[in-house]
Amino acid sequence: MTRLKIAIQKSGRLADKSLSLLERSGLTFARSKDKLFWYGRNLPVDLLLVRDDDIPRLLLEGVCQLGIVGENVALEKVLESRARRPDAHLEPLLKLEFGHCRLMLALPEDEAYADPGQLAGRRVATSYPHLTRQYLADNGVEADIVTLNGAVEIAPSLGTADAIVDLVSTGTTLRANHLKAVTEVLSSQAALYRCPAALDEPREALLAKLLTRIRGVQQAAETKYVMLHAPRARLAEISAILPGAESPTILSLEGQPDRVAVHAVCTEQVFWEHLEELKAAGASAVLVLPVEKMLA
Ligand code: PRT
Ligand code: ZN
């Protein structure tokens, strides 16, 4: 039977948002609390809950057809697997706008930074040895890479490394360990990936349908339905302020020949500044409503 499997992180920073995205895309699952496999109830799409590090391999081996994982993990694991499969490759179908972080080179606070060349012959601790090696090679630097699976940020104070390459979001962890981020190795966010192998036709069709839905959910999150009253004479000006709105609907207002009601779908973010500009252009009764679903 035609079914798809999606791998997401079981617990951790990406887990809740990954599941929520799929649920908002209309997928429902027969959940089993401690099981790793959730059966898709309303569509033939099942869920596999795993450690994020396992997701790239599940895709490369075709065990799962879709997966949600940080670009940092996807790229690291692809580079790692190239020892066995030189052509290993994963392409993000969609960036998902959560799980943002940066893989950064960090040095002890009191060391001045000039360029990556100063790492030559020194020890760099990281949980991302392949991305680090690639970065150093791209910069023509030969250094010793010390691979650690956790607590990378304490390596310099323990004396096991001179520098680190680690994920940073707020920078609090680095500061607490008297380190400073000096340059970016990779900028990352969660992304939706597919298996590289082509699928049979029904499964490709199902995958395309799911992708359209997920895109729709993403788009709807930004999109707002705006309703307002406006002086008929300033319609052009008001339409131009509405962000990302195409051909608004204009309705007449009973007993008010000079004013009209304007309804518009704004596909770009509507900020307070836009509302203030609308008001200055004579708009009143401005309402901004969320859009739940979109099918373009
Ligand atoms: O158990 P499993 O293997 O599935 O999870 P995990 O522990 O490997 O990963 P998890 O849940 O911590 O992170 C999953 C993904 O979230 C990462 O691969 C990144 O893509 C993304 N992400 C976003 C982050 C961060 N932000 C982040 N801040 N991953 C880790 N961190 C670390 C950072 O390295 C630091 O040690 O969180 C700490 C706090 O960061 P600061 O800069 O805010 O202090
Ligand atoms: Zn992990």
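Which residues are the closest to ligand 1 among those that surround it? Keep that question in mind as you open this predicted model and select ligand 1, because the tour starts there. 

**Stop 1: ligand 1**

Show the residues around ligand 1, and you will find that 22 of them surround it, the closest being Arg13, Asn72, Leu167, Thr170 and Thr173. Now display the side chains of Gln9, Asn72 and Thr173, and look at the polar atoms that face the ligand's oxygen atoms one by one. A polar side-chain atom of Gln9 lies 2.8 Å from an oxygen atom of ligand 1, and a polar side-chain atom of Asn72 lies 2.7 Å from an oxygen atom of the ligand. For Thr173, an N or O atom in the side chain is 2.6 Å from an oxygen atom of ligand 1. Taken on its own, ligand 1 has 840 Å² of accessible area, and the protein covers 77% of it.

**Stop 2: helix H3**

Stay with Asn72 and extend your selection to helix H3, which spans residues 71-81. Is this helix mostly covered or mostly open? Helix H3 is mostly covered, since eight of its 11 residues are buried. Asn72, which you have just seen beside the ligand, is one of the buried residues, and the others are Glu71, Val73, Ala74, Glu76, Val78, Leu79 and Ser81.

Next, select Lys77 and Glu80 in the same helix, where they lie three residues apart, about one turn of the helix. Their side chains meet in a salt bridge, with 3.4 Å from N to O. Both partners are partly exposed: Glu80 has a relative accessibility of 33%, while the value for Lys77 is 23%.

**Stop 3: the zinc ion**

Move on to the zinc ion, which is ligand 2, and show the side chains of Asp52 and Asp53. These two residues are the protein donors of the zinc ion, and they lie 2.0 to 2.1 Å from it. Why is the arrangement of donor atoms around this ion called irregular? The four donor atoms subtend angles of 74 to 172°, which makes the arrangement irregular. A tetrahedral site would need all angles to lie between 85 and 135 degrees. If you compare the two donor residues, Asp52 counts as buried at 18% relative accessibility, whereas Asp53 is partly exposed at 28%.

**Stop 4: helix H2 and a network of charges**

From the zinc ion, select Asp54, Arg57 and Glu61, which are linked in a network of salt bridges. Within this network, the side chains of Arg57 and Glu61 meet with 3.7 Å from N to O. Arg57 is partly exposed, with a relative accessible area of 39%, and Glu61 is partly exposed as well, at 40%.

Now add Leu58, which has its place in helix H2, residues 55-60. Unlike the partly exposed Arg57, Leu58 counts as buried, with a relative accessibility of 10%. Draw a distance between the C-alpha atoms of Leu58 and Ala7, and you should find 7.8 Å, although the two residues are 51 residues apart in sequence.

**Stop 5: a salt bridge between two strands**

A search of the whole structure finds 14 salt bridges, and one that is worth selecting joins Glu184 and Arg102, whose side chains meet at 2.8 Å from N to O. Glu184 lies in strand E11 (residues 179-188) and Arg102 in strand E7 (residues 101-108), so the pair ties together parts that are 82 residues apart in sequence. Both residues are partly exposed, Glu184 with a relative accessible area of 34% and Arg102 with 41%.

**Stop 6: Arg194**

Select Arg194, which is found in strand E12, residues 190-194. Arg194 counts as buried, at 17% relative accessibility, and its side chain has polar partners that you can display. A polar atom of this side chain lies 3.0 Å from the backbone oxygen of Ala197, and the side chain of Arg194 also makes a polar contact of 2.9 Å with the side chain of Glu204.

**Stop 7: a loop**

Finally, select Gly150, which lies in the loop between strand E9 (144-147) and helix H5 (155-158). Gly150 counts as partly exposed, with a relative accessibility of 40%. Add Ser127 to the selection: the C-alpha atoms of Gly150 and Ser127 are separated by 6.9 Å, while the residues are 23 apart along the chain.

Conventions: Residues are numbered from 1 along each chain as its sequence is written. Chains are lettered from A and ligands numbered from 1 in the order in which they are written. This is a predicted model: local features need pLDDT of at least 70, side-chain atom pairs count only at pLDDT 80 or more; totals for chains, interfaces and linings use all residues. Side-chain values use heavy atoms; hydrogens and water are left out. A salt bridge is a side-chain nitrogen of Lys or Arg within 4 Å of a carboxyl oxygen of Asp or Glu. Buried means under 20% relative accessible area, exposed over 50%, partly exposed in between (1.4 Å probe, protein chains only). Helices (H or I, at least four residues) and strands (E, at least two) are DSSP runs, numbered from the N terminus. Donors are N, O and S atoms within 2.8 Å of the metal (3.2 Å for Na, K and Ca); water is not among the atoms, so sites may look incomplete. Four donors count as tetrahedral if all angles lie between 85 and 135 degrees; four count as square planar and six as octahedral if opposite donors are over 155 degrees apart and all others between 65 and 115; anything else is irregular. A residue is near a molecule or strand if one of its heavy atoms lies within 4 Å of it. A polar contact is a pair of N or O atoms within 3.5 Å; within protein, one must be able to donate a hydrogen and the other to accept it, and residues adjacent in sequence count only if both atoms are side-chain atoms. Accessible areas come from the Shrake-Rupley method with a 1.4 Å probe; for residues, only the protein chains shown count as cover.
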